Structure formats: structure tokens, C-alpha cells
Amino acid sequence: MKTILITGASRGIGLATATLLALRGYTVYGTSRQPQAETLNGFTLLKLDVRDAESVKACIETVINHSGRLDVLVNNAGYTLSGAVEEATLEDTYRLFETNFFGVMRLTNTVLPHMRRESSGHIINIGSLAGLIGVPYLGLYAASKHALEGYSASLRYELHGSGIHVSLVEPGDIQTEIVSEPPSNPLVAYDGIRERVAAIHAANLRNGPPPEKVARVILRAIQQRKPKLRYTVTAGQEILVPWARRLLPDWLMEYFIRDAYHMNS
Ligand SMILES: NC(=O)c1ccc[n+]([C@@H]2O[C@H](COP(=O)([O-])OP(=O)(O)OC[C@H]3O[C@@H](n4cnc5c(N)ncnc54)[C@H](OP(=O)(O)O)[C@@H]3O)[C@@H](O)[C@H]2O)c1
């Protein structure tokens, strides 16, 4: 059975995925910056801060020392930065990318030598529908997920033929308590609209499917002999987003996105 490491498994999508995979008999390691126990729901919980290279190295070493191998890495740890893009400082943005993008690179670069030795492996990066389109008042989060799209699609070419696969799982709104940091530099120009759009974002999360739906898609990706580049996880009208972005002209796509956030008046 495969050995799997999932970053950010203390709650939300990571917890649901680690729980499901452990139940299916995989050897699962999940992580948290502050683990409250050594095991959780049948998987081993390790300490990890994806922003810290030493922490990443120690975590991977623990997995390799215990299991002798690492077959699947699920880069899941992440959070959102809310507000208008103009309201975030560069420091806010560096911090966000340290987790959502550079954290993925740190983990990936550390596990690849182990996977290359086995001539097999699977890196699954948790992107987002926000990695495919612009999202008002979540713009820098969208930017971090767009970066992950370009990174993952390129890495997949570079690892072609090595036995190591790269996939993106792209959920829409999922019912979790995902952390949303406010921007450090709020501007009067966005007062009112910022709160109205944030309320729509929050309602979309509340009404989204449970994280177990993403967990089942990740399980499917792990089971496939030839994993795809992209797996979207959508509900309701979101199902149209990947298609609409390819087929519609920008002006029409922008109209629909503005409409979804009541920004057309
Ligand atoms: N919820 C959604 O609607 C949605 C939609 C699309 C994509 N996603 C993506 O799915 C992933 C999981 O989101 P979620 O909704 O499940 O959020 P969540 O419930 O807040 O879980 C986030 C996990 O990431 C961990 N984490 C955060 N910062 C970390 C760091 N620096 N180092 C290590 N671990 C860290 C947290 O663990 P500790 O706090 O215990 O360290 C937690 O376990 C994210 O990449 C998110 O962008 C979510």
C-alpha cells in the first residue's frame, strides 16, 4: 500500500482526505503547525510549517525513516487573503505566497529525490477554481493559485517519462473554516463593496459541498494508473467555470463573474 503525506491535515480538506485514505488502508501522514496528538483518525500527525525549510526537511526525513518511501505528496496547506488587491501590502502577499506557493515548492523539491530513486511517485497540488479565473476581493489568493497552475503544468512536462506524476485538484467553494487574512492597508475607496463581496464569499463557502467530496476526488486521482493534470471539484453553477473560461469571450465571462458578486449595477 502507498505511503502518502498530506500537508495541513488538522482540519478541512486535508483532514477529510487523510481520514478517507487511512480508512482505505494507505499509510498516511498528515501535518499541522501545532499537532495536538500523535495520531488522528487513523493517520500519523507530524509537525510541519511549510514556510520553514528546516521544518520541511525534518518532516520528510521522519516519513522516510518510518516508512522507507513516500509515494504520494498532497500539497494542501493554504489560506486566503481577502480585500482588494490594492489594500494588501507586499508583506501580506509575500506571507501568502510563502504558504500557498513557495511552501509547495519546498515540499516538492524535498520529496522529488526520494521519488526519483523509486522511479515513481505522485505530487497532487490543491489548486482552486480561483487559479483559473480572476476573483474580486480574493485577487492575491487567486494569484497564488494561478502561480500553482503554471508551476504544476510545467513540472508535469519536466517529469514526463520519469514515473512521477503531477496533478492539480481544483475545488470550487467548499464548506470549511479556511482562514481569511484581512489586508493590512484598508482603503476608504473599497468600504462597503469589500464587505458585501466578502459576505457573498462567506455564504458560498457555507453553502458549498463538504470537504469529503474533495477527498473522494483525491482518492480517485491516487488510484488511477495514468493520473490527469486537472481534477475540478464543483457544485451548482461552478461546474460551468472551467468550460466558460475556455469558450466565452472575456467580456462575457467578466459580466457573469461580476453578476455572481452583485457588481453589475
Ligand atoms: N475551502 C475552500 O472553499 C477551498 C476551495 C478551493 C481550494 N481550497 C484549498 O484547499 C486547501 C485547504 O483549504 P481548507 O479549506 O481545507 O482550509 P483549512 O480548513 O483552513 O485547512 C488548512 C490547513 O492548512 C494548514 N496550514 C495553514 N498554514 C500552514 C503552514 N504555513 N504550514 C503548514 N500547514 C499550514 C492548517 O494546519 P494548522 O493550522 O494546524 O497548521 C490546516 O490544516 C488550501 O490550499 C485552499 O486554498 C479551499
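## Polar contacts of the ligand

In this predicted model, the side chain of Thr 99 places an N or O atom 3.4 Å from a nitrogen atom of the ligand. Val 50 uses its backbone instead: a polar atom there is 3.0 Å from a ligand nitrogen. Ser 32 contributes a polar side-chain atom, 2.6 Å from an oxygen atom of the ligand.

The protein buries 96% of the ligand's surface, taken from the 890 Å² that the ligand exposes when alone.

## The shell around the ligand

The ligand is surrounded by 30 residues. Ser 10, Ser 32, Arg 33, Tyr 141 and Thr 176 are the closest. Sorted by class, the shell holds 12 nonpolar, 11 polar and seven charged residues.

Two helices take part in this shell. Helix α1 spans 12-23 and helix α5 spans 139-158. Each supplies at least two residues.

## Helices α3 and α4

Helix α3 covers residues 90-100, and helix α4 covers residues 102-118. Their axes lie 3 Å apart, and the packing angle is about 30°. Angles under 35 degrees count as roughly parallel, so α3 and α4 are roughly parallel to each other.

On the α3 side, the contact involves Phe 97, Glu 98, Thr 99 and Asn 100. They meet Phe 102, Gly 103, Val 104 and Arg 106 of α4. By class, the residues of this contact are three nonpolar, three polar and two charged.

Thr 99 appears in both settings. Its side chain has an N or O atom 3.4 Å from a ligand nitrogen, and Thr 99 is also one of the α3 residues that meet α4.

How values were computed
Residues numbered from 1 in each chain as written. Predicted model: local features only at pLDDT ≥ 70, side-chain atom pairs only at ≥ 80, totals over all residues. Heavy atoms only, no water. Near = heavy atom within 4 Å. Polar contact = N/O pair within 3.5 Å; in protein donor to acceptor, adjacent residues only side chain to side chain. Areas by Shrake-Rupley, 256 points an atom, 1.4 Å probe, with all protein chains shown as cover. Helix = DSSP H or I, 4+ residues; strand = E, 2+ residues; numbered from the N terminus. Nonpolar A, V, L, I, M, F, W, Y, C, P; charged D, E, K, R; others polar. Axes fitted to C-alpha atoms, helices over the stretch in contact; angles between N-to-C directions. Parallel < 35°, antiparallel > 145°, perpendicular 65-115°, else oblique. Contact = heavy atoms within 4.5 Å.
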